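This report covers local backbone features first and the nonpolar core second.

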Amino acid sequence: MKRFILSSKKYYFSLVVLLCLLVGAGNSVQGQVTIVSDGLNSSTSLFTLSNGAYYTGSSATGDRPASSPFAIEGTHGRGVTNATATLTSNSNINTSNYSNITLSLRLAAFSIGSTANGVDATDYVRVEISPNSGTTWYNTVQVVGNNNAYWAYSTGTGNASTPYDGNTTTVQFAPDAGGNRIADGYSTITITSLPATSTLRVRITMLNNANSERWVIDDFKITGITSTPFGIKVMVRLLLTVLPGMMKQQTILMQSVLPVLFLWFQILLITIHLLVFPMQISRC
Ligand SMILES: [Ca+2]
Ligand SMILES: [Ca+2]
Ligand SMILES: [Ca+2]
């Protein structure tokens, strides 16, 4: 009867290679990934637009904040002045194969053509979530102004962050006062714990009511962690449990009560060994 025999040193080397492959595979399927994104650079892939405009370049020296970019990603952001603008998902977003699903969006508020304007308590940027293709919308987070407040993407450091909770009560964030805002200049909006569904949709509404007020948003993303198939989890855990014993007592394992597992494992090892040492397999 012919069979392959691996020397102990090469056997262990093959074990290590296999372990690295398994650990690498485990890590690769669990990383944070971008599910969808939209840079709003003079076009949009995710939204149907109503009102508003694309803005590029920077504010003027006489604006507030002065000489600050209208885009934080790419060339353009999407903004509104003296109107209500909406961005509504143009199709379902499939998040069903992910966990830790998070929406993020950047936001800046300007006084345009004036040093004394900015957004007020009645001006807002609102993000609504629909888990069912737009049948039901849940008003999830809202950033408002306060007495002519303004901030740039880089100088406002606040993060208006809240988990999605599937109710219609919005979580609101507002600066404490007007003028230039830093810690409570909410330049990031984050919604965590979004549902895993094939029918997720997002609606963003920006409103202000003066020609010297402007909201601008950019860099829309939904990210998540890829769910690991249960079989891979079991396989990785099982092999990581078994491997140390194999390294010490190969002979015992060969006579163990796990012949099916061992046969499968041996086939993998021989395959790797053939790849690594193609000319050094001996026969008897
Ligand atoms: Ca952009
Ligand atoms: Ca206003
Ligand atoms: Ca104002």
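The loop between strand E4 (53–56) and strand E5 (76–80) contains Pro65. In this predicted model, the peptide bond joining Arg64 and Pro65 is cis, with omega at about -10°.

Two asparagines have a backbone feature listed in the table below. Asn82 is in the loop between E5 and E6, and Asn147 is in the loop between E9 and E10. Neither residue is a glycine, yet phi is positive at Asn82 and at Asn147.

| Residue | Loop | Phi | C-beta neighbours inside 10 Å |
|---|---|---|---|
| Asn82 | E5 to E6 | about 55° | 14 |
| Asn147 | E9 to E10 | about 50° | 13 |

Asn82 counts as partly exposed because it has 14 C-beta neighbours inside 10 Å, where 20 or more would make a residue buried and 12 or fewer exposed. Asn147 has 13 such neighbours and therefore also counts as partly exposed.

The largest nonpolar core holds 46 residues, and the members touching the most others are Leu107 and Trp215. Strands that give two or more residues to this core include E6 (84–89), E7 (98–111), E8 (124–130) and E9 (138–144). E10 (149–150), E14 (186–192), E15 (201–207) and E16 (213–226) do so as well. The largest contribution, seven residues, comes from E7. In soluble globular proteins, nonpolar side chains tend to be buried together.

Which residues does Leu107 contact, leaving aside its neighbours within four places in sequence? They are Val125, Val143, Tyr186, Ser187, Ile189, Trp215 and Ile217. Trp215 thus appears both as a contact of Leu107 and beside Leu107 among the core members that touch the most others.

Key
Residues numbered from 1 in each chain as written. Chains lettered and ligands numbered in written order. Predicted model: local features only at pLDDT ≥ 70, side-chain atom pairs only at ≥ 80, totals over all residues. Core = buried A, V, L, I, M, F, W, Y, C linked by C-beta atoms within 7 Å. Helix = DSSP H or I, 4+ residues; strand = E, 2+ residues; numbered from the N terminus. Contact = placed C-beta atoms within 7 Å.
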